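Biologist: Please choose one small part of this structure and take me through it slowly, as you would for someone in their first year. Start from a single turn, then show me what lies around it.

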Amino acid sequence: MLLSDLHIHSRFSPGCTEDVEKICRKAIQRGLYSIAFTERLDILPGDNPDESGYMGREAERRPYMAIIREKYRDKLDVLYGLELGTPQFNRPYVEDFLRQRDFDVILGAAHHLPDGRDILSLPFETREDVDAALQAYFETMLGVVRMGRTNVIAHLTYPLRALGAFSDSVSLDAYYPALDPILKTAAQRGMALEISTHGLRNWQQSLEPDAQLIRRFRLFGGDLVSIGSDAYTVEEVGAGVEEAIEFASEMGFTYITVFKNGRAEPQRI
């Protein structure tokens, strides 16, 4: 069984300072076969779509990662990826950006709402706040999937990370009307659903999304899943991957999917 982590950040992502080679060495130590450096590019509304500053780092990143891939190619399959947040907020910018670049894997994500607010920074003070944020988030995430320029749905239940204070009352059952179009569209487009291990390190203490959402994805014909830690530190690299593979198997999947040059490659569980 091959172990892969397709959602890792390094110093080329905003908010992360970790060294690429330290991450590679940790991945090898943990027995990983492949990892994807999915540096974060959030597209925001307005005249400055790359407010997070990814483009300022990319000029160094591209040649540097080519060297890293060659250096570790006999020990670790290093994939060149991107976590692309809300690309629908500026479609012409994103289409031009992607036309000029090649990535092994692109994760589709939503970290911001259409008004530019960071989802995890919203003032979750009442149950009404939670409901409004979740509805807006799922609508935004549907836009990500409908644009169709990504391979994987990253951390589908992302807002739950900030909802520990509502842990006794938050249930996604009421949001299936908003979630189902996301899952159905992703399945129809051949996208993978990420099983994120981040929740194992959060108040949830569980993998994301839960079994019910994965069953619904399968119901709509979804047959691809990938695994990602969303690591921002060296110690988080590969964390929970074995648990995620076991979970995928329990959900009826016989393969975990990695992507190379934008193409799905199955790895038998």
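**A hairpin and its surroundings**

Modeller: Strands β8 and β9 form a hairpin with two residues between them, and N261, in that turn, has a positive phi of about 55°. Please keep in mind that this is a predicted model. Strand β9 covers residues 263-268, and its pairing with β8 is antiparallel, with six bridges. You can find one such pair by eye: F259 stands opposite A264 in β9. If you are wondering what holds paired strands together, strands of a sheet pair through backbone hydrogen bonds, either parallel or antiparallel.

Now step back along the chain to helix α7, residues 241-250. Which of its residues are buried? They are V241, A244, I245, F247 and A248. These residues lie on the same side of α7, because they cover an arc of only 160° around the axis. The spacing fits a simple rule: an α-helix has 3.6 residues a turn, so residues three or four places apart point the same way. And what do the buried residues of α7 pack against? Strand β8 of our hairpin is one partner, and the others are β1, β6, α6 and β7. Just after α7 comes G252, with a positive phi of about 100°.

Let's follow one of those partners, β6. Five of its five residues are buried, so this strand is mostly covered. A192, E194 and S196 point one way, whereas L193 and I195 point the other way, and all of them are buried. On one side β6 runs parallel to β5, joined by two bridges, and here V152 stands opposite A192. With β7, the pairing of β6 is parallel over four bridges, and E194 faces S226 of β7 there. Together with α6, strands β6 and β7 make a right-handed β-α-β unit.

These strands belong to an open sheet of seven, in the order β1-β2-β3-β4-β5-β6-β7, with parallel pairing. Why is one side of β1 and of β7 left without a neighbour in the sheet? Each of them stands at an edge with a single partner strand, so that side stays unpaired. Elsewhere in the sheet, β2 (residues 34-42) and β3 (residues 77-85) pair in parallel through nine bridges, and I35 has V78 of β3 as its bridge partner.

I35 is a good doorway into the interior. The largest nonpolar core has 78 residues, and I35 is one of those with the most contacts inside it, along with C24, F37, F138 and I153. Helix α4, residues 127-147, gives the largest share of this core, 10 residues. C24 touches I35, F37, I68, Y72, L76 and V78, leaving out residues up to four places away in sequence. There is also a second, separate core of 12 residues, which includes L6, V152, A154 and V258.

Y72 and L76 turn up again as contacts of I28, together with K75, again not counting residues up to four places away in sequence. I28 sits in helix α1, residues 20-29. Is I28 buried or exposed? With 32% relative accessibility, it counts as partly exposed. To get a feel for distance, look at I28 and D129: they are 101 residues apart along the chain, and 43 Å separates their C-alpha atoms.

Finally, come back to E194 of β6, because it leads us to H155, a buried residue at 1% relative accessibility. H155 lies in the loop between β5 and α5. Beyond its neighbours within four places in sequence, H155 is in contact with H7, E83, A109, H111, Y137, R161, E194 and D230. The side chains of H155 and H111 make a polar contact at 3.3 Å. The loop between β5 and α5 also holds T157, which is buried with a relative accessible area of 3%. The contacts of T157, again skipping residues up to four places away in sequence, are Y137, L172, E208, P209 and L213. Y137 is therefore a residue to click on next: it is in contact with H155, which is buried at 1% relative accessibility, and with T157, which is buried at 3%.

Terms used. Residues are numbered from 1 along each chain as its sequence is written. This is a predicted model: local features need pLDDT of at least 70, side-chain atom pairs count only at pLDDT 80 or more; totals for chains, interfaces and linings use all residues. Side-chain values use heavy atoms; hydrogens and water are left out. Buried means under 20% relative accessible area, exposed over 50%, partly exposed in between (1.4 Å probe, protein chains only). The arc is that of the directions from the helix axis to the C-beta atoms. Contact means heavy atoms within 4.5 Å. A nonpolar core is a set of buried Ala, Val, Leu, Ile, Met, Phe, Trp, Tyr and Cys residues joined through side-chain atoms within 4.5 Å. A polar contact is a pair of N or O atoms within 3.5 Å; within protein, one must be able to donate a hydrogen and the other to accept it, and residues adjacent in sequence count only if both atoms are side-chain atoms. Two strands pair if DSSP finds at least two bridges between them. A crossover is right-handed if, with the strands pointing away from the viewer, the path from the first strand over the helix to the second runs clockwise.
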